Amino acid sequence: MSESVRRALEKALAERQQADLLRRLPGQLEGVDFCSNDYLGLARDERLRRRVADLASRGPAPHGATGSRLISGNHPQLEALEDRLAEFYGAEAALVFSSGFAANLGLLASLGGLVSALLCDRLLHASAIDGCRLSGARRIIFAHNDMRQLEGGLDRLKPGEAAAVVVESLYSMEGDFAPLEQIMALADARGAGVVVDEAHANGLMGPLGRGAVAAAGLEDKVLARVVTFGKALGLFGGAVLCSAALRDYLVNFARPFVFSTGPSPLWALWVRAAYDLLPELEDLRERLWANVAYFRNRAAQSRGNWLPSESWIQCLLAPGAAEVRRVGKALQEQGLAALPIRAPTVPAGQERIRVCLHACNTFQEIDLLLAAADEACRA
Ligand SMILES: Cc1ncc(COP(=O)(O)O)c(C=O)c1O
């Protein structure tokens with residue numbers, strides 16, 4: 001390594017360390033899971049394992065795609081999965097990516113060829129921020145879920161200017177929902193498209209877990225949806241749901257699609273199996289909602305500074321890198337895995353413990369968590 005690169009490397013790491021922000025890979029998760037995105041417990045679900053084995057036995061799929069889907073990697077299993085996704089979500093078409101990050105990046109970066117402005121909620125996920133930056137479109141950022149600012153941004157568009165609004169249906173670090181109907185109405189009135197990242201709503205909200213867009217009946221109105229398979233589906237990967245024409249466009253212009261090895265056909269079987277299972281998981285979704293209600297009820301009586309979230313993502317504010325780590329450590333000592341979220345993932349001063357509720361969490365575990373959080377906040 002050249003001397004100048006080595007110095008730059010050491011400096012970057014030392015600065016992070018000094019700011020108390022150096023990240024390290026943790027060991028195996030220990031304690032009650034209040035931090036994974038495996039909201040329904042599908043990552044270890046026995047039924048899913050059996051279904052994958054069953055599908056695979058009907059016609060083995062290769063584990064490797066062998067190339068970009070535009071060269072050698074377009075296996076029929078991938079197209080079968082996309083047909084299944086389009087049908088399930090009531091979309092004209094679907095295009096799979098190897099991660100939700102790649103789906104957001106591919107979609108939003110290539111939208112730059114279609115629109116000249118992107119109106120972005122301030123709290124978009126890093127993958128959407130990077131995609132919007134790469135698009136080259138003018139970015140108009142509005143305060144989180146602030147409809148007046150969104151309206152103001154739309155008013156700033158030039159007459160006839162092509163634009164799209166980019167939001168998440170359920171925000172990953174706040175746990176609050178976007179007012180999708182209002183966003184759609186505002187965008188529609190100005191002829192702007194709407195892109196919705198459904199990462200944390202997928203599999204959980206709406207009929208059969210089809211997401212928040214389906215719950216609001218907006219399937220035919222949005223420009224595109226991004227769904228991920230790494231959260232409630234317990235797997236990994238993602239997809240863009242959109243019109244057939246936009247899918248054709250992405251196949252031509254989305255660089256993470258064009259210039260990347262296609263997803264594994266065997267993986268496509270896993271994902272299809274998870275979608276076959278989703279309609280049978282109503283009981284788990286109900287248990288998750290019951291846990292949310294129980295948590296909210298109990299949190300209202302606690303002394304911790306819990307953000308007002310109605311979802312399975314709950315946040316305890318503990319501002320400051322050292323403070324949030326102290327609270328996280330106190331929870332871990334009680335056998336509770338709820339991890340501190342620090343800057344730059346959230347703005348400095350808004351550090352928090354992010355709690356993910358799961359269908360399998362018991363009321364007793366939730367009581368334990370809230371009591372431990374109370375205790376840690378008092379200390
Ligand atoms: C809102 C949101 N969008 C997209 C992603 C990226 O999805 P994936 O983990 O499948 O790459 C995440 C991941 O945390 C997310 O929270």
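## Ligand shell, domains and a helix pair

The shell around the ligand consists of 2 nonpolar, 10 polar and 2 charged residues. The model described here is predicted. Of the 14 residues around the ligand, the nearest are S99, G100, F101, S172 and A199. Helix α4, residues 100-111, supplies the largest share of this shell, with 3 residues.

The domain assignment divides the chain into domain 1, made of 27-42 + 281-378, and domain 2, made of 65-263. Taken over C-alpha atoms, the centres of domain 1 and domain 2 are 28 Å apart. The contact between the two domains involves 19 residues of domain 1 and 16 residues of domain 2. On the side of domain 1 that touches domain 2, the elements giving two or more residues are α12 and β9 (313-317). Strand β9 gives the largest share of that side, 3 residues. By class, the side of domain 1 that touches domain 2 holds 10 nonpolar, 5 polar and 4 charged residues.

Helix α12 (residues 282-299) also pairs with helix α14 (residues 363-378): their axes come within 10 Å and cross at roughly 30°. The crossing of α12 and α14 is right-handed. From α12, the residues N291, Y294, F295, R298 and A299 take part, and they meet F363, I366, D367 and L370 of α14. Sorted by class, the residues in this contact of α12 with α14 are 6 nonpolar, 1 polar and 2 charged.

The table sets out the class make-up of the three residue groups described above.

| Group | Nonpolar | Polar | Charged |
|---|---|---|---|
| Shell around the ligand | 2 residues | 10 residues | 2 residues |
| Side of domain 1 that touches domain 2 | 10 residues | 5 residues | 4 residues |
| Contact of α12 with α14 | 6 residues | 1 residue | 2 residues |

One further position is G131, which is found in helix α5 (residues 126-135). G131 counts as buried because 31 other C-beta atoms lie within 10 Å, and a residue is buried if 20 or more do so. Apart from its neighbours within four places in sequence, G131 is in contact with N104, L105, L107, L108 and A109. As for its distance from A185, which lies 54 residues away along the chain, the C-alpha atoms of G131 and A185 are separated by 24 Å.

Technical notes:
Residues are numbered from 1 along each chain as its sequence is written. This is a predicted model: local features need pLDDT of at least 70, side-chain atom pairs count only at pLDDT 80 or more; totals for chains, interfaces and linings use all residues. Axes are lines fitted to C-alpha atoms, for helices over the stretch in contact, and angles run from 0 to 180 degrees between N-to-C directions. Helices (H or I, at least four residues) and strands (E, at least two) are DSSP runs, numbered from the N terminus. A crossing is left-handed if the near helix is turned anticlockwise from the far one by less than a right angle, and right-handed if clockwise. Two residues are in contact if their C-beta atoms, placed from the backbone, lie within 7 Å. Ala, Val, Leu, Ile, Met, Phe, Trp, Tyr, Cys and Pro count as nonpolar, Asp, Glu, Lys and Arg as charged, and the others, Gly among them, as polar. A residue is near a molecule or strand if its C-beta atom, placed from the backbone, lies within 6 Å of it. A residue is buried if 20 or more other C-beta atoms lie within 10 Å of its own, exposed if 12 or fewer, and partly exposed in between; C-beta atoms are placed from the backbone. Domain bounds come from an automatic or database domain assignment.
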